[in-house]
Structures are given as structure tokens and as C-alpha cells.
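These are my notebook entries on a structure that I had not examined before. I record what I looked up, one topic at a time.

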Amino acid sequence: MKPGSALKQKEAVLESLADRELTILKFRELVHKLQDQCIDLRAQLERESSSKATIAAAIPEIQDFKKMFAETKAHARAIDLELRRIEVLQSQQHIKYLAAYMPDSFMNRGGDNDALLVLLLIPRLVWKSDVLISQAKDKFPTVELVDKKSLTKGHSVEQFASRARLAMHLHNLQGILRQFIFGLNTCSPETLLKVGGALPDMMQQEKVVDSYIEMMKRDQLDENVNTDALERCVTYFNTTHPLFLLASGETHVHQSHLVQDAGKALLAATDCIRTDSTIVQVLAQAGPDPSNIILLCQHLCTVCEVIQQQLKQIRRKNVDSPLLPLPAVDLQHCCMSAARVAKVMRDVAKAALVQIPVSGEIEGSIDGAKLLEALNLSWEKVFDDAESAGPVASLKQATALIAADIAQLAQSMQEIEANSATQPAKQDEVTAPIVLRAKQVKSELEETKALRSRLEAREADIRELKLAIRTKQEELGEISVRKELFEKRLANATRDNELQVEKLERKLEEALQQLKRKEKEFEETMDHLQADIDSLENERGELKEKLKNSSKKKFYEGVKSSVASPVHSSPGGIGMKVVESPILLNEIRSLRNALKHEQNEKRKYMFNHYEQLLAQMKPINVPKKKDVSNQRTELIKKVDTLLKEVYDAMATTKVIDITKQKPGEEPCLDKLSPNYHLVNNLCKSQLIGDKIRKLQIEVNNELLKSTKGSSINTDFTIFPTPEMAKVLQETKPICIGELTVPKLAGDNQKDTNLIVEPRSLKRLHNEIISLWS
């Protein structure tokens, strides 16, 4: 069973209960009429019957018949109520079962369930208000005549005034609730859900109406009941109606309902004002010079009668249409003004009734000053209007405005009735928002079914993919095992390489330290040699000085000897011939031989000394720091990266597992086929080969750029010279020359091969030349 049908059944049950209550009311009225008829018949029987025995015998029979009729009626009513109670319980249980099938979002705060409850709550409040109005009308009948006797002997007049005031508030409540019903039937589903969010506050307002119904059940509803809670309830609905419904712009005010409900509320307010004004008039007893309070009451009674006549005319001419061309009349403001005037007159009437003595006999009139004082206090509390002329003028002005608005409304209603008779209004059928929301929920459920089917298909695909992933995971497990083995091997190899590198680094450090020591020793030796050379040069200079001095002495001695010897002249006596002394010539010759011998001895000594020093030294191998540029650094990084890729390709060779495939069965994915793996391996190897060739070209170009005279620059590219191309192809060092040093006797040292660069070769050549110079 659908929730809509259950709600309809529930509404039908509530409508039947309301009809039953109305039927019961009608039966009560019929019973009252029958009782009156019975009383009349009894009187006739008493008059017509002449014997008392006959009358005495007829009365018990009538009482027995009434008792039997009442018992039968009560028994049938009890059975009917029990059946209705069972139906209500069954409907509630049915709704609980249906709610169990609904999703959680249906029962959430401000959801569809709250919207449905609001749709049920508003009409329920209207029905409860009708029940209160009808019960109060039955309990407190209308008073036709208000005089001192009715005021002093009973409370019927006060009860009628209280009933009118209660009916005024209930009609105001019904008016705004009917506007809610119209708005909830013409708004959008979103607005309906928004109103459903205010369900808790509305349920609190329902409790206020329930409290008055409970007092009516207990017969506690009388003229002393406070209506402030009911006024707050009306104020709440008047405040929330524009916020929830009118602010959205999707709905409007139902003009016909507004006129009808406002008319009922104003009728009840005028009854209340007129009754309280009459009470004050009766108790005050107007004299030849009536007071202001009496004149005010007379004016209010007259205005109320006029307003009632116009309201009855409006009720007869009201047209059932949501849109009416009404004048600019604020009926809600009229109802509020009437309620204020009624409240002020109620306080004045209470002040007048309080002055009635306990004996109930009124001598003269009551104190008018106290009534004016009560009027001022109540007016200040209710109206709170400091700019007005006073309470009397303010009340007259309020009633005059109400009467003017009602007269204007009556005139416009007459015109509307005439226009509607000639042009009947067309009403467009509007789909209720709850129906639209139900269709929307149904479409969402259909979409949910479609999504569920899609999800099932996706889950099937996911299961297949999980199976494929499981096979891949097994393959990955095998590959991971192999990878771990290769990683262990690689770790061992890297560890060994690190140990070897550390050893080589230690050896290099030791060689560098030893080289530094050798350089230091070589520098010291060179310093000693330079010192010896300087000393020998000094000795050479001294020997030259000595030789010069000795040669001069010998020359002077030869000259002296030649002068002393005879000189032969020519026969003519013209010239003279000088003859060298043979001793001097021999001395000069001997000195020259001695000097040459000394120089030879010196060279031999130096040669032997330097040969011994060179023989004691080890061959010098000075590592030269390479000037590595940024381009070379990048090339080194590329070489390292390419080596890593080659090692990874060699270490992560993948073996294709074809054991799980049946002969003739193609794999489910292209990546699982053996051809795919073979082609992938070939592509990887070709890619690595291309990288190697490209890197070789870059290395050769860098060598050509960094070596002077090894390249030829053209407009397109750089070509190596033939000598450089030959050098690039060489793999072994080439002998470019030999250096022979004489050996000493007993020297068994082997020949030493020196691999040198051009710069080192030039330096060695300069050193050797300096030694021979």
C-alpha cells in the first residue's frame, strides 16, 4: 500500500469523525427539541388526565422508555467509537510499516515526512478551532437582552462576551491557517520542505489549541480563561506566513478566504465590543448630562451595528475566487484594531462589574471616575500611542477607520458580484507541491534503480579486473623475488666497489703525500745544486781574476826582459821589430791548458753529481688536475645515467610466463602476450643503443672543442683534423723520442718509459737544456 493512499484513508477517517461529531451535535439538538416536546406532552397529559392513578402509571413507563432509549444509544455509540478506535490504530500501524520502507532521508529533520505532517497539522488546527467555536457556542448561548437583572443574577452576559472574544481569536487563527493551506497547495516542493522544517514550532502552537480543548472537556472553559497564549499563537502564524510562503513569490493570498475569515473575526469582535459597551451603559445609568464613557459606549454600539450589517452583506456577496480585485484595505490590520478595542472595553467592563456589591443590588450608578481610570490604564497598555488626543478619541478613530474600510470593502464586493455574474472567473488547476514532490521522489527511485544496475555491471567488471590484478600480482611477486636477488648482487658488487674505491683512495692519498715529500726533497736538492753552482761561479770568477793578474805579471816581466835584450835595427834605421819572449808564450799556453783542464774537471764533477742524484730518485709521475668544464660535467652525469640504465636493463630482464596459457588461447590483454614483451625489450635495447651513439658523438665533439688544432670549423659543423682523427683511434701510447743518460760503472738500473703530455715534454726539454748550458 502506498503512503498517499494511507494518508487519504487517514484523512477520510478524520473527516468521518468530524461528520460524526456534527451528527452528534445535531442529535443533541434533536434530543433537546424532543425533551421540550415531551415536557409539553406531559403538561397536556396532566391537564387532560383526570385521575392521578393514570398519571402515576404513565410516568414510570415514560421514564423506563427514556432510560432504555439512552442505554441503547450509549451502547451503540460505544461500539461505534471502539470500531473507530480500532480503525485509527490500524491506520497508525499501517503508516509505521510504510515508514519502515522509506529511506532515512524521508524521516530526517526538515524532510518529506515533516512536510507531510505540516500538511496534516494545518487542517487539523482548523478543525480543532471549529470544534472550540461550536462547543463554546453551545455552552455559552447568545444573550439578546443586557440589563441589570441579567448582570446581577448570573454570568451569562460575561460568558457571551468571553465567547465572542475567544471566537474572534479562533477566527483569526483559522484565517491565517487557511492562507497556509492555500499556499502549501500552490507553492513549489522546495518551499514545502522549507515549511516542513518549522514543524516543531507549529506543534508547540497546536498544544496551545489542545489546552483549550482539554479545558472544554473538563468544563473549565469559562469567562475567566486567559487568551494570551491563543493571541501569541495567532501572532506566530501571522509572522511566519510571509516569511515561508509570500517571500518566495510562488504563491499569494487567497482573497475570498481572507474576506470570509476576516468577516467572521470582525463579527465576533463587534459582538464583544457591543456587549461590553452595553454592560458599561447599563451599570453607569446615563443621566441628563451623560459622561464621556457613556457617550463612547453609545458610539461604539452604533458603529458595531453598522459594521455588522455591512459584514453580513459582504458574506452574502462573497465570491469563491483566490484573486479578487479588492481595494487597498488591510483586513488583518482591521482585525488587530478591533481586537485592541475589544481588549480595552473588556477591561472597562470588568472594572464596572467589580463595583457591583455582593448583595447584587445596585443603588444608583457606579463610579464613573474609576471607569475612566480603568479606560486610561488599559488604553496606555494596549495602544501605547502618545501622539493621540486620548483614549476616547483614539477608540472612536480606530472604530471609524474599521467602519470606513468595511464600507469600502462592501462596495467593492458588490461590484465584484456584478462582474462575476457577467464574466465567470476561470481558475487554473494547480498541481499540489506534495504531488510534484512524490513524482520527483519516484523519478529519483527510478534513477537509483538504473544506477544500481550500472553499479552491478561495474562490480562485475571490477571482479574481472581483480582477477587480472591477482595474476599480475603473482607475476609481480616473482619479479620482485628476482629483483631482490639482483639487488642483493648489486649491493654486494657496490660494496666491493666501495671497498676498492676506498683502497684506491687511500693509495692515492699515500702517493700524493709521497709525491709532496719528493717534491720537497727535489726542491731542497735543487736549492743545494743552485748554491753549489753559485759557489762554483764565484770560484770561476776568482780564478779568472787570478789568471788576469798572473798574465799581466808575466806580460810585464816579458816586456822588461825584452827591453833589456839587444835590439837589431834595419840598416836604414827606420823601424823596429818586437820579439815575444818564449817563456811568456809558454806560460800563456800552459795557463790556457790548465784552465781548459779545470773546466773539464768541473763539468765531469757536476755531471757525476747530478747523475748520482737522478739515479737515487724514483721516476716522477705528477697527476695533473683536469680542467673539467660544465659541459664535461654534464657529459659525465649522462655517462653515469646511461651506465645505470644499461645495468638496470641487464639486471631486470623479464621472463615471460606462458605456463598459465592454454595452447591456441589468446590473452585477455595485449600486455600479456609474448610478442608485446619481445617488442618492448627490442625497443628498449635500440633506445639504449641510440643513446650510446649520441653520447659518443657529444664526447668526441667536446674533445675536438677542448684540444687546440684538432678541429676544422665550417658553416655546418666541426670536423676533426686527420691528425686528431688518428689520435682518437689510437689505443696505445706512441714513442716520440729517447733520452740517453750515461751510466756510471756498476749501475744496473733498467730503462724507464715516461708517458708525458706536450706540456710536460716541453718542461723536461727545458730542464735538460739548462743542465747542459
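In which helix is R437 found? I looked it up and noted helix 15 as the place of R437. I keep in mind throughout that this is a predicted model.

**Entry 1: R437 and its surroundings**

I then asked whether R437 is buried or exposed. Its relative accessibility is 17%, and buried means under 20%, so R437 counts as buried. I listed its contacts, leaving out residues up to four places away in sequence: R437 touches D112, P189, L193 and E444.

**Entry 2: the chain as a whole**

I stepped back to the overall counts. The chain has 20 helices and 2 strands. It holds 773 residues, of which 26% count as buried. I looked up the exposed area as well: the chain exposes about 54,500 Å², and carbon and sulfur atoms supply 56% of this area. For contacts between residues at least 6 apart in sequence, I noted that 79% join residues at least 24 apart.

**Entry 3: charge along helix 15**

I returned to helix 15, which spans residues 433–564. Which residues gather in a patch of positive charge on the surface? I found R540, K544, K548 and R603 there. Helix 15 gives the most to this positive patch, with 3 residues. R540 is found in helix 15, and at 37% relative accessibility R540 counts as partly exposed.

I also looked for negative charge. E498, E502, E505, E509 and E510 gather in a negative patch on the surface. I checked the place of E509, and E509 too lies in helix 15.

**Entry 4: E487 and a distant partner in sequence**

E487 is another residue that I located in helix 15. With a relative accessible area of 41%, E487 is partly exposed. How many residues along the chain separate E487 and A651? The two are 164 residues apart along the chain, and I noted a separation of 8.5 Å between their C-alpha atoms.

**Entry 5: helix 17 and a nonpolar patch**

I turned next to helix 17, which covers residues 630–651 and includes L643. L643 is partly exposed, with a relative accessible area of 39%. I found L643 listed with V639, Y647 and M650 in a nonpolar patch on the surface. Together these four residues have about 390 Å² of accessible area.

**Entry 6: Q308 in helix 11**

I looked up Q308 and found it in helix 11, residues 292–316. Is Q308 buried or exposed? Its relative accessibility is 10%, which lies under the 20% cut-off, and therefore Q308 counts as buried. Leaving out residues up to four places away in sequence, I recorded that Q308 touches L267, T270, D271 and R274.

**Entry 7: the backbone at D219**

Where does D219 lie? I placed D219 in the loop between helix 8 (199–217) and helix 9 (228–244). I noted a positive phi of about 60° for D219, although D219 is not a glycine. Most residues other than glycine have a negative phi. I also looked up the accessibility: D219 has a relative accessible area of 54%, and exposed means over 50%, so D219 is exposed.

Methods:
Residues are numbered from 1 along each chain as its sequence is written. This is a predicted model: local features need pLDDT of at least 70, side-chain atom pairs count only at pLDDT 80 or more; totals for chains, interfaces and linings use all residues. Side-chain values use heavy atoms; hydrogens and water are left out. Helices (H or I, at least four residues) and strands (E, at least two) are DSSP runs, numbered from the N terminus. Buried means under 20% relative accessible area, exposed over 50%, partly exposed in between (1.4 Å probe, protein chains only). Contact means heavy atoms within 4.5 Å. Accessible areas come from the Shrake-Rupley method with a 1.4 Å probe; for residues, only the protein chains shown count as cover. Patches are made of residues with over 30% relative accessible area and no salt bridge: like charges are joined within 9 Å, nonpolar side chains (Val, Leu, Ile, Met, Phe, Trp, Tyr) within 5 Å. A salt bridge is a side-chain nitrogen of Lys or Arg within 4 Å of a carboxyl oxygen of Asp or Glu. Lys and Arg count as positive and Asp and Glu as negative; His and the chain ends are not counted. The place of a charge is taken as NZ of Lys, CZ of Arg, CG of Asp or CD of Glu.
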